[in-house]
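Visitor: Please take a close look at one helix and the residues paired along it, with the cut-offs behind each term.

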Amino acid sequence: MRKLILMIAAILAMSTAVQAEDHVMAATKGSQIYKDGAPKTLSLSLKEAQDYAVKQNRTLKNASLAVQEAYAARWQTIASMLPQVDGTYSYSDYLGYSATLGMGGMPIEINMPNVGALGVTASVGLNGQAIVGVLLNNVAIDMKKIALEKSESELRSSILSSYVSVLALRSISNLLDSSLNNIEHLETITRNAVEAGAAEQTTADQIHVRVNTLKNSINVQKRNIELATNSLKVLLDVPAETELTLTESIDEVLSPERVLNLLGENFAVENNLNYQLLAKQVELAKRNVHMASWAYGPTIGVGYNYTNQQYYGEGGMRMTPPNVIQVSVKMPLWSSGKRAAGIVEKKIALEEAKNTLSETTDNLEIQYRQLCFNLSNAYETYLNEKENIEVTQRVFHSTTEKFKWGAASNLELTNASNDLISAQSTYVQAMLELINAQSELEEFLNK
């Protein structure tokens, strides 16, 4: 059975290593590498970006190490209940001293030769608190694993928001570039009309102001894109010099099906990571009560001692037996109420943990309803703003065409341009609110 367990563990470890390697290879596919191992170029889909960040993130690495530390602490507790064996060797030189036994007329002089002693001691101690300590370590391991899963979920949500931010800003920048081309074309036509005497210079100047306004908006968007891209690089833990390519479009990431599926999910409070942590805290508090109660229990000890003395010289008396077995039972009798107070303290902590869990359970139900409302509202707003930007884009193009032929005034052109810029800004905000609402609900449902 032991060989079978070891074999299964080895297969699982190899499978995990292969999967992790596949994720890294997929994320760095076709990439060049710096001398320090960082990629020069990186092409990532959203899923690849999330997997890459999970692999590289140092905070998650520390959380994973914390799980390993918890396993090590548990083994220390278990090992303390297993046999402990110590070996000793000592050498004594009495510098020619001899002892005199007896008083009066017939004293006996005994030489004290040099002596070497080899000893081996084996002992086992067991009590109820040590056993409960192992159970406490198991709970601690579970809590570390949940904390690791929670950190990974939060990181994936952050990657999702950052990834979409970059895509949304790039989309708006492309729309502004298209609008700028139209306005610059109108400016050229108007200036030609001014030179021909068919239009006033004021009209050309006002259109030039529109051109500069759009250029400023485009520059702002470019700075925002750079900022969002750098934020994504920080989450991915790659150098600023890495050329980052996002392989998915905004329409591929913002999936209506995904939103509708989330809204149709049934909420199971047991799947929420915050609930799982609090439930483990209640379990931990129960174990602490048991441990405090075992302070009244006995401690059983078994020991074996082997001693071999070697005398170097004449004389010497072997007073130490070579083999000794000891069995002991230690029973606490009186502690002036210290143990009783310790149990009361742990019971109060248990009640506090239960109350916190109960309150959190009720709040999670309310929070779930609110997150569903937020996502539904954000989705409706996104659809409206998406339609609005399409309409304002058509109005702007129609107004520019009318302006070419004198069927629209400069004021109408200015208003259409302002409406387009405003609609684009509102559209970006709606996309970000939708993706934030989606990621919050996914994290809440542990999806």
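Guide: E187 is buried, with a relative accessible area of 11%, where buried means under 20%, exposed over 50% and partly exposed in between, computed with a 1.4 Å probe on protein chains only. The model is a predicted one, in which local features need pLDDT of at least 70 and side-chain atom pairs count only at pLDDT 80 or more, while totals for chains, interfaces and linings use all residues. Residues are numbered from 1 along each chain as its sequence is written, and side-chain values use heavy atoms, with hydrogens and water left out.

The side chain of E187 meets that of R191 in a salt bridge, at 3.4 Å from N to O; the term requires a side-chain nitrogen of Lys or Arg within 4 Å of a carboxyl oxygen of Asp or Glu. R191, unlike its buried partner, counts as partly exposed at 32% relative accessibility. Because the two residues are four apart in helix 4, about one helical turn separates E187 and R191. Helix 4 covers residues 128-195, helices here being DSSP runs of H or I with at least four residues, numbered from the N terminus.

Helix 4 also holds K150 and E154, again four residues apart and about one turn of the helix from each other. Their closest N and O atoms are 2.8 Å apart, and they form a salt bridge. K150 is partly exposed at 21% relative accessibility, and E154 is partly exposed at 32%. A network of salt bridges links K47, D51, E152 and R156, and the count over the model comes to 11 salt bridges.

R156 leads on to the second largest pocket, whose volume is about 450 Å³. Of the 20 residues lining this pocket, those closest to its centre are Q50, R156, R258, E442 and K447. A pocket is an open set of points on a 1 Å grid over the protein atoms alone, where a 1.4 Å probe fits and protein lies on both sides within 12 Å along at least five of seven lines, and lining residues have an atom within 4 Å of a point. Grid points are joined across faces, edges and corners, and the volume is the space filled by probe spheres set on the points.

Helix 4 gives the most to this lining, with six residues, while helix 2 (46-56), helix 6 (250-253) and helix 10 (410-445) each supply at least two. By class, the lining has four nonpolar, six polar and 10 charged residues, with Asp, Glu, Lys and Arg counted as charged, Ala, Val, Leu, Ile, Met, Phe, Trp, Tyr, Cys and Pro as nonpolar, and the others, Gly among them, as polar.
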